[in-house]
Number of protein chains: 2
Amino acid sequence: MARYQIYVTYKQGIFDPAGATAERALQQMEFDEVDSVRIGKYITLEVAGEPDAAQRARVETMCEKLLANPVIEDYRIESES
Amino acid sequence: MARYQIYVTYKQGIFDPAGATAERALQQMEFDEVDSVRIGKYITLEVAGEPDAAQRARVETMCEKLLANPVIEDYRIESES
């Protein structure tokens with residue numbers, strides 16, 4: 001069993017609607033020091049088998065095919081072990 | 001200017017619909033080694049002012065009031081500086 005953390009964020013220049021909404025809401029509450037909010041995904045993935053290069057390559061394919069949208073999002077993979 | 005990373009995850013035992021959907025979809029594709037997928041939020045927050053304890057306390061309040069739902073979600077704050 002191996003565990004991976006995947007961070008999915010919008011590419012620079014891509015509009016982040018959830019982040020923009022949270023940013024405005026915080027500024028209109030008591031938090032006018034807020035300059036920017038960007039909201040991405042934080043994915044925890046548990047995979048059977050040993051954490052090796054082949055497994056990591058498959059996790060990258062999972063990101064490309066389903067977990068991220070490579071047209072508008074970047075992703076970063078960290079393995080826990 | 002200070003920058004914080006905030007990780008918002010469902011509490012243990014809380015159903016994660018997006019994670020469950022991604023998990024099943026990956027298993028039905030070619031990725032039957034997938035055991036578990038949990039999808040949380042990865043928030044990048046930029047705040048004016050110096051990164052001190054008072055600022056961090058305000059970021060915690062932002063999490064409690066808006067960025068996370070403390071009833072069903074946990075959050076972890078990291079400061080970059």
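**Entry 1: B:E33**

I began at B:E33, which touches A:E46, A:V47, A:A48, A:R58 and A:M62 once residues up to four places away in sequence are set aside. I placed B:E33 in the loop between α1 and β2 of chain B. The model I am reading is a predicted one. Is B:E33 buried or exposed? I found B:E33 buried, because its relative accessible area is 14% and the cut-off for buried is under 20%. I also looked up its distance to B:P70. The two residues are 37 apart in sequence, and their C-alpha atoms lie 32 Å apart in space.

**Entry 2: the two copies**

Next I compared the chains. What turn lays chain A on chain B? A turn of 180 degrees does it, with a shift of 0.0 Å along the axis and an RMSD of 0.0 Å. The two copies are therefore related as by a two-fold rotation axis. I then checked the contact residues. The same surface serves both copies, and 100% of the contact residues of chain A recur in chain B.

**Entry 3: B:S36**

I moved on to B:S36, in strand β2 of chain B. B:S36 counts as buried, because its relative accessibility is 17%. Which residues is B:S36 in contact with, leaving aside its neighbours within four places in sequence? I noted A:T44, A:L45 and A:E46 from chain A, and B:E23 from chain B. A:E46 is also on the list for B:E33.

**Entry 4: the largest pocket**

I looked up the pockets. The largest has a volume of about 360 Å³. Of its 17 lining residues, A:R3, A:T44, B:T9, B:Y10 and B:R38 are the closest to its centre. Which elements each supply at least two residues of the lining? From chain A, I listed β1 (2-10) and β2 (34-47). From chain B, I listed β1 (2-10), β2 (34-47) and β3 (73-79). The largest share is four residues, from β2(B). By class, I recorded five nonpolar, seven polar and five charged residues in the lining.

**Entry 5: the second largest pocket**

The second largest pocket holds about 280 Å³ of space. I recorded 14 lining residues. Nearest its centre lie A:T9, A:Y10, A:R38, B:R3 and B:T44. Two or more lining residues come from each of β1 and β2 of chain A and β2 of chain B. Which element gives the largest share of this lining? It is β2(A), with four residues. The lining divides into three nonpolar, five polar and six charged residues.

**Entry 6: A:D16**

I turned to A:D16, in the loop between β1 and α1 (17-28) of chain A. A:D16 counts as buried, because its relative accessible area is 3%. Not counting residues up to four places away in sequence, A:D16 touches A:Y10, A:V37, A:R38 and A:I39. A:Y10 and A:R38 came up before, among the residues nearest the centre of the second largest pocket. How far apart are A:D16 and A:E80? I read 28 Å from C-alpha to C-alpha, with their places 64 residues apart in sequence.

**Entry 7: B:I14**

In chain B, I picked B:I14 from the loop between β1 and α1 (17-28). Its relative accessible area is 26%, so B:I14 is partly exposed. Leaving aside neighbours within four places in sequence, I found B:I14 in contact with B:R38 and B:I72. B:R38 is one of the residues closest to the centre of the largest pocket. B:I14 and B:I72 are 58 residues apart along the chain, yet their C-alpha atoms are separated by 6.6 Å.

**Entry 8: B:A2**

B:A2 lies in strand β1 of chain B. I noted B:A2 as buried, because its relative accessibility is 2%. Which residues does B:A2 touch, not counting those up to four places away in sequence? They are B:L45, B:E46, B:V47, B:G49, B:P51 and B:Q55. I also checked B:A2 against B:P51. They are 49 residues apart in sequence and 5.5 Å apart from C-alpha to C-alpha.

**Entry 9: cysteines**

Last, I looked for disulfides. A disulfide is a covalent bond between the sulfur atoms of two cysteines. How many does the structure hold over all chains? I found zero. A:C63 is buried, with a relative accessible area of 0%. B:C63 is buried too, at 0%.

Conventions: Residues are numbered from 1 along each chain as its sequence is written. Chains are lettered from A and ligands numbered from 1 in the order in which they are written. This is a predicted model: local features need pLDDT of at least 70, side-chain atom pairs count only at pLDDT 80 or more; totals for chains, interfaces and linings use all residues. Side-chain values use heavy atoms; hydrogens and water are left out. Copies are superposed by least squares on the C-alpha atoms of residues with pLDDT of at least 70 in both. Contact means heavy atoms within 4.5 Å. A disulfide is a pair of cysteine sulfur atoms within 2.5 Å. Buried means under 20% relative accessible area, exposed over 50%, partly exposed in between (1.4 Å probe, protein chains only). On a 1 Å grid over the protein atoms alone, a cavity is a set of points where a 1.4 Å probe fits but cannot get out, and a pocket is an open set with protein on both sides within 12 Å along at least five of seven lines; lining residues have an atom within 4 Å of a point. Grid points are joined across faces, edges and corners, and a volume is the space filled by probe spheres set on the points. Ala, Val, Leu, Ile, Met, Phe, Trp, Tyr, Cys and Pro count as nonpolar, Asp, Glu, Lys and Arg as charged, and the others, Gly among them, as polar.
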